[in-house]
Every structure is written in C-alpha cells, then in structure tokens.
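Visitor: I should be grateful for a close look at one part of this model, namely the place where its two chains meet. Please take me through that part in a connected account.

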2 protein chains.
Amino acid sequence: MSERGRLANHAWEGLLTAHARMMRQFADADIWQDLSMREYDVLYTLSKYTEPLRIGELGRHVLLSQPALSRMVDRLAERGLLERCPDPADGRGVRLSLTDTGRDTQRRIGRRHAAQVARAVTAELSRDELQQLAAICWKLAGAGATNEDTEAERP
Amino acid sequence: MSERGRLANHAWEGLLTAHARMMRQFADADIWQDLSMREYDVLYTLSKYTEPLRIGELGRHVLLSQPALSRMVDRLAERGLLERCPDPADGRGVRLSLTDTGRDTQRRIGRRHAAQVARAVTAELSRDELQQLAAICWKLAGAGATNEDTEAERP
DNA sequence: TTTACGTTTATGCAAACGCATGGACTCTCC
DNA sequence: GGAGAGTCCATGCGTTTGCATAAACGTAAA
C-alpha cells in the first residue's frame with residue numbers, strides 16, 4: 001500500500017479510537033435519564049429540523065439498520081417523545097416530529113451533553129485544532145454521503 | 001456556552017457524522033465474510049499485540065460492554081479464531097491470543113478493509129489533512145484514557 | 001389498465017446486547 | 001494469617017438488533 005494509504009489508515013484508526021474513548025466517557029456520565037445514547041441521537045436529529053422528517057432520512061443520520069430504527073421510533077412514539085403521521089404526499093411514508101415533551105427532553109439532556117462534550121474536547125485541543133478537526137471531519141462526512149454508489153462496485 | 005465550546009461541539013458532531021457515514025459505507029462492502037465489523041475489530045486489536053491480551057485490556061479498545069465482549073470472545077474461541085488461556089500471573093484473568101486461523105482471517109479481511117479505508121479517505125483528504133486528522137484524533141484518543149494507567153504503546 | 005419493478009416502512013425470528021449480579025481471585029491493612 | 005474491599009470475568013434475564021421478508025404504495029412502460 002502507498003505511503004498515503006497507510007497514513008489514511010492511521011488517521012482512520014485514530015478517529016475510531018477517539019470515537020470509542022469519547023463515547024464511553026460520555027455514556028458513563030449520569031445525564032441520560034431513561035434514554036440510551038442512540039435514542040438521544042434520534043431526538044437530537046429530529047430537533048435539528050423544523051420540518052417533519054421521513055424515517056429514511058433519519059436513517060441516513062443514525063447508524064442503525066432500518067428495522068431497528070423503525071422499532072425505536074415505535075418505542076419513542078409510545079413514550080410520547082415523538083409523533084408519526086402518514087405522509088400526505090406519499091402513502092408509503094411516515095413523517096416524524098418531536099412532541100413538546102420530546103423537545104423538552106432533548107433540550108434538557110442536550111444542554112448537559114453539550115457541556116460534557118465541550119469540557120472533554122476543549123480540554124485537549126487548541127482552537128486551531130478544533131477548527132481543523134471540524135473542517136476535516138465534515139469534509140469526510142460529506143464524502144460518505146456522495147460516494148455511496150461509486151464505492152459499491154469493486155472487486 | 002463559550003464560542004470555543006460551540007466549536008468543540010461542532011467538531012464532535014462532524015466526527016460523529018463522518019464516523020457514521022464511513023462505517024455504513026465500509027459495512028456495505030462485501031469483504032467481511034462471516035464476521036461482523038465488531039468481531040473483526042476484536043481480531044484486529046489482538047493482531048496488533050505480540051503478547052496475549054487480557055479481556056479487560058481488549059475492552060478498552062472495543063466499544064462494547066464487558067459481558068458482551070466476554071460472550072463475543074466465547075463465540076470467536078468456539079469458531080477457532082482465538083484461544084483463551086488462564087493467566088498464570090493472575091488467577092482471575094484470561095489471556096487471549098489469535099490462533100493461526102484467526103490471524104489468517106484477520107489478515108485476509110484486513111488487507112481488503114485497509115484498501116477500502118485508503119480509497120475512501122484519501123479520495124477526500126489531502127496529505128496535510130490526513131496528517132492533521134491523525135495527530136488530532138490520536139490526541140483526543142489519548143485524552144479518553146488519561147484517567148487510568150498509561151498503557152503499552154502501539155506497534 | 002394492467003403488469004412489472006422500485007421504494008418505503010413493518011414484522012417474524014434468531015442472535016447479540018446491556019444491566020444486574022455472582023463466583024473466583026487479589027490486595028490491603030490490621 | 002484473616003477480614004473486608006476491590007478486580008476480573010462469567011451467567012441469568014429482559015430488551016434491542018440485524019437479516020430476511022412481507023405489505024403497501026408509487027412509477028413507468030406495455
């Protein structure tokens with residue numbers, strides 16, 4: 001493999017390791033009430049959009065299989081945190097939106113989680129590093145969305 | 001929250017999004033044979049050490065609960081990919097090491113996965129960006145471990 | 001219209017997960 | 001040396017996940 005390829009793998013392993021260590025650290029904190037981090041992730045994603053979201057759209061932001069997401073939405077709706085309405089424009093689809101309770105819950109947990117993230121990340125990285133990390137990761141994130149099909153075919 | 005805190009959260013969300021998109025892309029590829037990515041992760045981690053690894057040590061590298069990891073080790077041992085031996089120096093402990101089959105399997109899959117990572121990541125990032133990403137992520141990764149012992153360095 | 005095919009979400013089922021806990025062992029301090 | 005506390009791994013149990021597939025709807029061509 002090329003030198004550049006090795007560097008890419010080193011960087012990716014670093015990202016994975018940072019992800020794992022930070023996630024564990026965040027999960028250990030006592031701020032999640034009766035939600036799992038995955039469930040919070042769903043609420044957070046919904047909170048970012050004013051328009052109701054389709055399940056498929058949600059699935060592109062959350063690392064979860066479609067059936068698992070479907071059932072998680074079930075449970076969250078059961079608990080009164082979000083609502084599913086049939087999509088008037090597409091009879092197959094479902095539109096998801098947070099209830100007031102769901103929005104409150106997301107905000108309450110989100111405030112503490114954001115503080116937690118800020119503490120953990122700013123403790124280790126300078127302002128320049130934060131900016132570099134953000135720019136690079138969002139670039140990578142965009143790539144994952146656009147390269148989906150071109151990556152599929154290959155020996 | 002401070003401007004720096006907001007930047008930290010933006011960077012972290014970018015990292016999460018990049019992680020999710022890349023992971024999905026990697027998982028979709030048909031290179032994993034009959035392993036899950038989590039199982040491969042265990043084999044890969046073991047492959048990096050010449051000495052047998054304790055389960056607890058393994059757990060610090062893999063984002064999985066201790067019982068889940070214990071059972072995964074069970075299954076991998078059952079399938080002949082790794083071996084568990086009692087630790088002579090600590091009666092509670094177990095020492096894990098890859099079998100030859102396990103090592104072969106890891107190498108075969110690892111080659112393709114590394115190529116996959118190199119393709120996906122180098123496609124989007126310059127050499128400088130790769131180096132910045134690696135340096136920053138490994139710094140963050142180290143931060144997550146700071147609370148406890150300084151561990152053996154990576155090969 | 002009818003047929004065939006793609007898309008979006010839901011369900012059956014076995015496998016895997018996390019939490020709580022237990023048993024075996026080590027360590028510390030008296 | 002022995003009691004109490006801590007560490008390491010395994011197991012019971014209810015919940016969640018992924019895979020395969022079905023069901024409902026949309027789209028386009030015959």
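**The interface of chain A and chain B**

Guide: A salt bridge joins the side chains of Glu13(A) and Lys48(B), with 2.8 Å from N to O. This pair runs from one chain to the other: Glu13(A) belongs to helix α1 of chain A, while Lys48(B) sits in the loop between α2 (37-47) and β1 (53-54) of chain B. The model is a predicted one, and the values that follow are computed from it.

A salt bridge also links the side chains of Lys48(A) and Glu13(B), again with an N to O distance of 2.8 Å. Between chain B and chain A the count is four salt bridges, and the structure holds 20 over all chains. Polar contacts add to the picture: 21 residue pairs across the interface of chain B and chain A are in polar contact, both residues being at pLDDT 80 or more.

On the side of chain B that touches chain A, at least two residues each come from α1 (3-28), α3 (55-61), α5 (100-122) and α6 (127-145) of chain B. Of these helices, α1(B) gives the most, with 23 residues. Sorted by class, this side of chain B has 32 nonpolar, 15 polar and 14 charged residues.

As to extent, 61 residues of chain B are in contact with 61 residues of chain A. The size of an interface is often expressed as the accessible area lost when the parts come together. Here the area buried between chain B and chain A is about 6300 Å², and carbon and sulfur atoms give 67% of that area. In chain B, the residues that lose the most area to chain A are Arg4(B), Trp12(B) and Arg21(B), which together account for 11% of what that side buries.

Trp12(B) leads to the pairing of the two α1 helices, where it is one of the residues of α1(B) in contact with α1(A). Helix α1 of chain A, residues 3-28, packs against α1(B) at an angle of about 120 degrees, and the two axes lie 11 Å apart. Their crossing is left-handed. From α1(A), the residues that take part are Trp12(A), Leu15(A), Leu16(A), His19(A), Met22(A), Met23(A) and Phe26(A). They meet Trp12(B), Leu15(B), Leu16(B), His19(B), Met22(B), Met23(B) and Phe26(B) in α1(B). The residues of this helix contact comprise 12 nonpolar, two polar and no charged.

Terms used
Residues are numbered from 1 along each chain as its sequence is written. Chains are lettered from A and ligands numbered from 1 in the order in which they are written. This is a predicted model: local features need pLDDT of at least 70, side-chain atom pairs count only at pLDDT 80 or more; totals for chains, interfaces and linings use all residues. Side-chain values use heavy atoms; hydrogens and water are left out. Contact means heavy atoms within 4.5 Å. Buried area is the accessible area (1.4 Å probe) that two parts lose on being put together, summed over both. A polar contact is a pair of N or O atoms within 3.5 Å; within protein, one must be able to donate a hydrogen and the other to accept it, and residues adjacent in sequence count only if both atoms are side-chain atoms. Helices (H or I, at least four residues) and strands (E, at least two) are DSSP runs, numbered from the N terminus. Ala, Val, Leu, Ile, Met, Phe, Trp, Tyr, Cys and Pro count as nonpolar, Asp, Glu, Lys and Arg as charged, and the others, Gly among them, as polar. Axes are lines fitted to C-alpha atoms, for helices over the stretch in contact, and angles run from 0 to 180 degrees between N-to-C directions. A crossing is left-handed if the near helix is turned anticlockwise from the far one by less than a right angle, and right-handed if clockwise.
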